[in-house]
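Reader: Could you walk me through how to read a model like this one? I would like the general idea of each feature and then the case at hand.

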Amino acid sequence: MAQELSVRQIQTTSQRVIQTNRLLQMSASELDVFLQNESETNPLLEFIEDPEYHSRRTQTDHDAVSDDIPDTESGEQLSDYLNAQIMQTLSAREQFVLDFLISSIDHNGYLNINIPETAAFLNVRQDVILRLIRLIRSLEPAGIGAFDLAECLEIQLKRQKYDDPKLYLFVRKGLPLLAENKIRKLRELLDCDDEDIREYVSVIRSLNPRPGSGFVSHEKEIPIIPDIFIDLTDTGFEVRFNTHLYRQIRIQEEYRSMYRSAGSEEKAYMKDKMQRIRLMQRSIAQREQLLNGLAELILSRQMDFFTLGEGHLSSLRMQEAADDLHVHVSTISRAVSGKYLQCEHGIYPLKYFFVQGKENQPVRTDIRSLIVSMIRKEDPYNPLSDDEISRRLKSMNIIAARRTVAKYRAASGIPGYRVRKKYG
């Protein structure tokens, strides 16, 4: 009896954690679609009438690229695809941990967890976590469940039985050198010639750096709609949470009355549906509370940006936000995923506000925006070289070497000054 109760508790905890994680990752419009789909399979679910929802939904549909919001469940979900491949029998606790790990895989296919912290959070041994991660990585698509790009590519190389140690060294340590065009250092690292490097690059280009991208992508399928607004009012900045793009839910009152007089079979059915609605209500409330707290934190830490605009971000790490809001850093990562904030300077993904920089120095995102701004204003017949941009930044007390300028320029899709130069 005790074991049966324990299994039931594990399953309930698993459902609650996974449901909360799932709803937390959704944008407002995704959540609206999810709730509407739920209402079609749960007759006890009722929407609370909200006139402002209808007016905003009409406006949203008018502004969207497509006339209709796509059905986010129309394609196969990565979690379903992975679970369908698992043939071995898992215990209730192992299934709970596996579901949590799969729910922690981002839209690119990478696993965003810290193993010791996750083991402590789930109250399991680290070797259980590691074993289930290996199970995930044995599945298709190859590379799924890696912690970063290098590991993702290594998994794919091993799957294809490549055994050249230099190829693996290229993936682990050579990719940053290639990105910065440090070919000489790359040759020294690998002890090879340019022809070998070209062959290695050809192999790497045949791999998939984002193994999770072939599945349903909420961010691509649904129009960008801000989850949070930061408005400038007469009394200062004000955070406004966008709750009117999805409707609040409740249990239909008539079913509460029917439940009291229902037979055992009907009672069990209604109880299951009621519990699901309550679980969604709790998860939505936690989502709103966290996003509100996150917005307030971003406003307080990035006040210069909201006051002065781009080029004035301050350093802010997700771990700092997690410490401030008393949650795990993976929760912050899920919360910012696919969410957008609108202010007078435009619409920005929440991830935009989480950057790391040095004291009294602009963070990388702002240095990059300054470089782009300089190039946009340059004389097209006498464009700025990377050295000149570096010198101009230095005159603004911003230290950025020529190679750093070149890296940020290339990352912004801007060619070198010789290519930009106009003649005639």
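Author: Happy to; we will go from confidence to the overall fold, and then to cores, rings and single residues.

Reader: Good. What is the mean pLDDT of the chain, and where is confidence lowest and highest?

Author: Start there, since this is a predicted model. The mean pLDDT of the chain is 80, with 84% of its residues at 70 or more. Confidence is lowest in helix α12 (residues 218-221), where the mean is 42, and highest in helix α7 (residues 126-137), at 93. Two stretches also call for a look: over residues 4-13 pLDDT stays under 50, and the model has five contacts beyond four places in sequence for them. Over residues 60-74 pLDDT also stays under 50, and there the model has 21 such contacts.

Reader: Now the overall picture. How many helices and strands are there, and what share of the residues is buried?

Author: The chain holds 21 helices and six strands. Of its 424 residues, 43% count as buried. For the reach of the contacts, take those between residues at least 6 apart in sequence: 65% of them join residues at least 24 apart. The accessible surface comes to about 23,400 Å², and carbon and sulfur atoms account for 48% of that.

Reader: How should I read the nonpolar cores, and which helix gives the most to the largest one?

Author: The general idea is that nonpolar side chains tend to be buried together in soluble globular proteins. Here the largest nonpolar core has 49 residues, and Leu35, Leu294, Phe306 and Phe353 have the most contacts inside it. Helix α14 (residues 264-301) gives the most to this core, with 12 residues. A second, separate core has 26 residues, among them Phe100, Leu101, Leu132 and Ile144.

Reader: Which residues does leucine 35 contact, leaving aside its neighbours within four places in sequence?

Author: Leucine 35 is in contact with Phe47, Tyr246, Arg247, Ile249, Met280 and Ile284. Two of those names return in another feature: the charged end of arginine 247 sits over the ring of phenylalanine 47, 3.9 Å from its centre. In another case, arginine 137 lies over the face of phenylalanine 147, at 4.9 Å from the ring centre.

Reader: And ring pairs: why is the pair of phenylalanine 305 and tyrosine 348 edge-to-face?

Author: For ring pairs, look at the distance between centres and the angle between planes. The count comes to 10 aromatic pairs. Phenylalanine 305 and tyrosine 348 have ring centres 5.2 Å apart and planes at 85°, so this pair is edge-to-face. The pair links distant parts of the chain, since phenylalanine 305 is in helix α15 (residues 303-308) and tyrosine 348 is in strand β6 (residues 346-349), 43 residues apart. Both residues, phenylalanine 305 and tyrosine 348, are buried. Tyrosine 348 also pairs with tyrosine 352: their centres are 4.9 Å apart and their planes at 35°, so that pair is tilted. Phe237, Phe305, Phe306, Tyr348, Tyr352 and Phe353 form one aromatic cluster.

Reader: One last residue: is leucine 23 buried or exposed?

Author: Leucine 23 is buried, with a relative accessible area of 0%. Leucine 23 belongs to helix α1 (residues 2-25). To see what covers a residue, check its contacts: not counting residues up to four places away in sequence, leucine 23 touches Leu31, Phe34, Met280, Ser283, Ile284 and Arg287. The C-alpha atoms of leucine 23 and arginine 287 are separated by 7.2 Å, although the two residues are 264 residues apart along the chain.

Conventions. Residues numbered from 1 in each chain as written. Heavy atoms only, no water. Helix = DSSP H or I, 4+ residues; strand = E, 2+ residues; numbered from the N terminus. Buried < 20%, exposed > 50% of the residue type's maximum accessible area, 1.4 Å probe, protein only. Contact = heavy atoms within 4.5 Å. Areas by Shrake-Rupley, 256 points an atom, 1.4 Å probe, with all protein chains shown as cover. Phe/Tyr/Trp six-rings, centres within 6.5 Å; stacked < 30°, edge-to-face > 60°. Lys NZ or Arg CZ within 6 Å of the ring centre and 35° of its normal. Core = buried A, V, L, I, M, F, W, Y, C linked by side-chain atoms within 4.5 Å. pLDDT = per-residue confidence, 0-100.
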